[in-house]
Every structure is written in structure tokens, then in C-alpha cells.
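Welcome, and thanks for taking a look. Below is a short briefing on helices, aromatic rings and charged pairs, meant to be read with the structure open beside it.

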Amino acid sequence: MIKWMGAILIILATTWAGFEMAKHFSERTRQLRQLKVALQSLEAEIMYGHTSLIVAAQNISKQLPKPLSLFFEQFANKLVKGHTSVKGAWEESLQSIWNMTALKQGEYEVLKQFGETLGQHDRISQQKHIKLALSHLQREEADAIDRQNRYERMMKSLGVLAGLLVVILLM
């Protein structure tokens, strides 16, 4: 009886671990979509609302779930305090929340590069930079969807099968 309980616990634990690893793939895709929506909102705020960068970032932070909402909130707060340049505020905010995201290095580079141009151009040029960042994020999203389709189900299965293997080896 105790052997069976242990076997079930092992299978449950490895299955849970497999599902957690698989969750990372879907989380990355979801966060990339949210990031694209955020940049589109930023574009709309700048182009059509004629809002300042601070107000735009505050508005976007209220529309997004965590951790991306934290990013825009911190960015707006750093701009309000005026301790650093727009580029510096963007990079510091990006670095402070990066470990909370499921995003990869490619997305970091796109966002960092976008931050270097933020607030340094007129509205038309800024719109071009936003569109460029969106196209890069679109490419990253396609890669994330491909990886999710390829590996998500495999990770779930691997968790269950690893549990079964451990149980067989222990019996």
C-alpha cells in the first residue's frame, strides 16, 4: 500500500514538473502578444492622443497584467522622478522585471533597441520605430508559437513518462 502511494506521489510530482515546464512555452507566447498590444497602445497614445510618454506609460500599465504592467509602471515612475533619461528609465525598468517574464534574449534586445530611440524623435519617426519593434516582436512571436507547438506537449508527456520510469526503476 505504501509503495503504491509513493508511486502515485512520484508520478504526480513529475507530471506537475512537466506541466510547469510546458507552461513556460505558452506564457512566452502570451507575454509577446501583450507586449505587442502595449506597443500598439503606445503608438496610439503618441500619434492620436498626443499624450506625454509618462501618461502613456501609466495608461498602458493599467491595461496589462503583471509582469508587463510593472514594467510600464516603473518606467512611468522613473520618468516622473526625472532621475534618468528616457533611455535609462526604459533600460532600468526592463532589467528590473526581466526575471519575472518568460521572454528570451531576442525580445530583450528588441526592447532595449527600441528604448534607445524612445522619446528622441518626432511623432512620425517614433511611429516608424514602434512599427519596426512590432515587426521584430512579430517574428519572435512566430518563433515562440513554433516552439510552443513543438515542445509543449512533449514536456507534459515527458513529465508523466519520467515519473513512470522512476516508479519502474524503484519497484
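A good place to start is Ile46, which lies in helix H1, the run of residues 2-47. Please keep in mind that this is a predicted model. From Ile46 the tour moves to the aromatic rings, then to a surface patch, and ends with the charged side chains.

**Ile46 and helix H1**

- Ile46 has a relative accessibility of 11%, so this residue counts as buried.
- Leaving aside residues up to four places away in sequence, Ile46 touches Thr51, Leu53, Arg123, Gln126 and Ile130.
- Between Ile46 and Leu9 there are 54 Å in space, C-alpha to C-alpha, for a separation of 37 residues in sequence.

**Aromatic rings**

- Searching the whole structure turns up seven aromatic pairs. One of them is Phe25 with Tyr151: the ring centres are 5.9 Å apart and the planes meet at 35°, so this pair is tilted.
- That pair links distant parts of the chain, with Phe25 in helix H1 and Tyr151 in helix H6 (residues 123-170), 126 residues apart.
- How do the two partners compare with the 20% cut-off for buried residues? Phe25 counts as buried because its relative accessibility is 16%, while Tyr151, at 25%, counts as partly exposed.
- Phe71 and Phe72 make an edge-to-face aromatic pair, 4.9 Å from centre to centre and with 75° between the planes. Both Phe71 and Phe72 are buried.
- Phe71 and Phe72 also belong to one aromatic cluster, together with Phe75, Trp90 and Phe114.

**A nonpolar surface patch**

- Ile8, Leu9 and Leu12 form a nonpolar patch on the surface, and together they have about 310 Å² of accessible area.
- Within this patch, Ile8 is placed in helix H1. Its relative accessibility is 47%, so Ile8 counts as partly exposed.

**Glu141 in helix H6**

- Is Glu141, found in helix H6, buried or exposed? Glu141 counts as buried, because its relative accessibility is 6%.
- The side chain of Glu141 makes a polar contact with the side chain of Arg33, at 3.1 Å.
- Not counting residues up to four places away in sequence, Glu141 touches Leu32, Arg33 and Lys36.

**Salt bridges**

- How many salt bridges does the structure hold? There are 12 salt bridges.
- Arg30 and Glu27 join their side chains in one salt bridge, at 2.3 Å from N to O. Both residues lie in helix H1, three residues apart, or about one turn of the helix. Arg30 has a relative accessible area of 33% and is partly exposed.
- Arg28 forms a salt bridge with Glu140, and their closest N and O atoms are 3.5 Å apart. This pair links distant parts of the chain: Arg28 is in helix H1 and Glu140 in helix H6, 112 residues apart.
- Arg28 counts as buried at 4% relative accessibility, and Glu140 is buried with a relative accessible area of 13%.
- Glu140 also meets Arg139 in a salt bridge between their side chains, at 3.6 Å from N to O. Arg139 is partly exposed, with a relative accessible area of 48%.
- Through shared partners, salt bridges join Arg28, Glu107, Arg139, Glu140, Asp143 and Arg147 into one network.

Key. Residues numbered from 1 in each chain as written. Predicted model: local features only at pLDDT ≥ 70, side-chain atom pairs only at ≥ 80, totals over all residues. Heavy atoms only, no water. Helix = DSSP H or I, 4+ residues; strand = E, 2+ residues; numbered from the N terminus. Buried < 20%, exposed > 50% of the residue type's maximum accessible area, 1.4 Å probe, protein only. Contact = heavy atoms within 4.5 Å. Phe/Tyr/Trp six-rings, centres within 6.5 Å; stacked < 30°, edge-to-face > 60°. Patch = residues over 30% accessible without salt bridge, like charges linked within 9 Å, V, L, I, M, F, W, Y side chains within 5 Å. Areas by Shrake-Rupley, 256 points an atom, 1.4 Å probe, with all protein chains shown as cover. Salt bridge = Lys/Arg side-chain N within 4 Å of Asp/Glu carboxyl O. Polar contact = N/O pair within 3.5 Å; in protein donor to acceptor, adjacent residues only side chain to side chain.
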